[in-house]
Amino acid sequence: MADTATLEVKTAAELKSQPEEYRAAVEKIVISHAVNELYGAQVFDEPAIALAPTPYAKWLTCRVAMEEYHHHVRFRALAEEIGVAPERMDPSHKKPLSIFEFKLQTWAEFCVIKAIADYAEILQVEDLLHCTFHPLRNLGRITMPEEKFHAKFGKDFCLELIQAGRADEVQDAIDRYFPITPAFFGSSNSKNNAIYRKWGLKQRSNDDMRADFMNRVTELVEKDFGLRLPKLA
Ligand SMILES: [Fe+2]
Ligand SMILES: [Fe+2]
């Protein structure tokens, strides 16, 4: 990689003097986080409060929903600071990623989504921790412990269902939800990803991140849950 990957851009103000390609790449990353956090909160976390089976589960689900909306608010604030037009973050103007097209109907589905999809989110946030644009690096640091809590929430509640004799519900949710998740990491020959890595905005290729995800989810489903991961087409 050229010296572009060791660049340090410490503030939103410093971004203004960076090359056009760098600024456009930063905008795309900030927008994708702002939009995805909002989609997720709207279609999964907020509706899941009604599905949660006990007051304790409702309380924790409220906390997850609050944090996901807060992630959107934080990324959106950064987007506004760097001059992104609000309509570029409006989910109604953007086709949702396939992971958000799943129609949430049961508590078991929500637990599986948190255990699996929030792990995918952890991988994305992990890459931000070393980002050459420091405001994104800082957002990654603040967001990471909360994403880890969401993934643990999903794992713990899946285990609770399995121990209560409802493993078939968890397996069924995995069978239907897991196959749409690998696409979340983007295409193998993504031009955007190549630009992100050239500028040190991201560290890993889409395929590397997808491989990390597959390894971790395989361990979670087969070892921790004692269930099966469906074969991908
Ligand atoms: Fe989030
Ligand atoms: Fe999350």
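Which residues are the protein donors of the iron ion (ligand 2)? Keep in mind as you look that this is a predicted model. There are four to find: Glu-68 and Glu-147 each use an OE atom, Asp-118 uses OD, and His-150 uses ND1. These donors lie 1.9 to 2.2 Å from the iron ion.

Now try tracing the donors along the sequence. Their spacing reads E-x49-D-x28-E-x2-H. Asp-118 and His-150 link distant parts of the chain: Asp-118 belongs to helix α4 (residues 107-128), while His-150 belongs to helix α5 (residues 134-163), 32 residues apart. Are these two buried or exposed? Both Asp-118 and His-150 are buried.

What about the geometry? The angles between the four donor atoms at the iron ion (ligand 2) run from 87 to 153°, so the arrangement counts as irregular. This ion also has a partner: the iron ion (ligand 1) is 3.4 Å away, and Glu-68 coordinates both.

Let's move on to the nonpolar residues. In soluble globular proteins, nonpolar side chains tend to be buried together. Here the largest nonpolar core has 73 residues, and among the ones touching the most other members are Ile-82, Trp-107, Phe-133 and Leu-136. Several helices pitch in with at least two residues each, including α2 (20-51), α3 (55-81) and α8 (206-224). Helix α4 gives the largest share, 15 residues.

Finally, zoom in on Trp-107. Leaving aside residues up to four places away in sequence, Trp-107 touches Ala-48, Leu-51, Ala-52, Pro-53, Ala-57 and Thr-61, along with Phe-153, Phe-157 and Leu-161.

Methods
Residues numbered from 1 in each chain as written. Chains lettered and ligands numbered in written order. Predicted model: local features only at pLDDT ≥ 70, side-chain atom pairs only at ≥ 80, totals over all residues. Heavy atoms only, no water. Donors = N, O, S within 2.8 Å, 3.2 Å for Na, K, Ca; no water. Tetrahedral: all angles 85-135°; square planar, octahedral: opposite > 155°, others 65-115°. Helix = DSSP H or I, 4+ residues; strand = E, 2+ residues; numbered from the N terminus. Buried < 20%, exposed > 50% of the residue type's maximum accessible area, 1.4 Å probe, protein only. Core = buried A, V, L, I, M, F, W, Y, C linked by side-chain atoms within 4.5 Å. Contact = heavy atoms within 4.5 Å.
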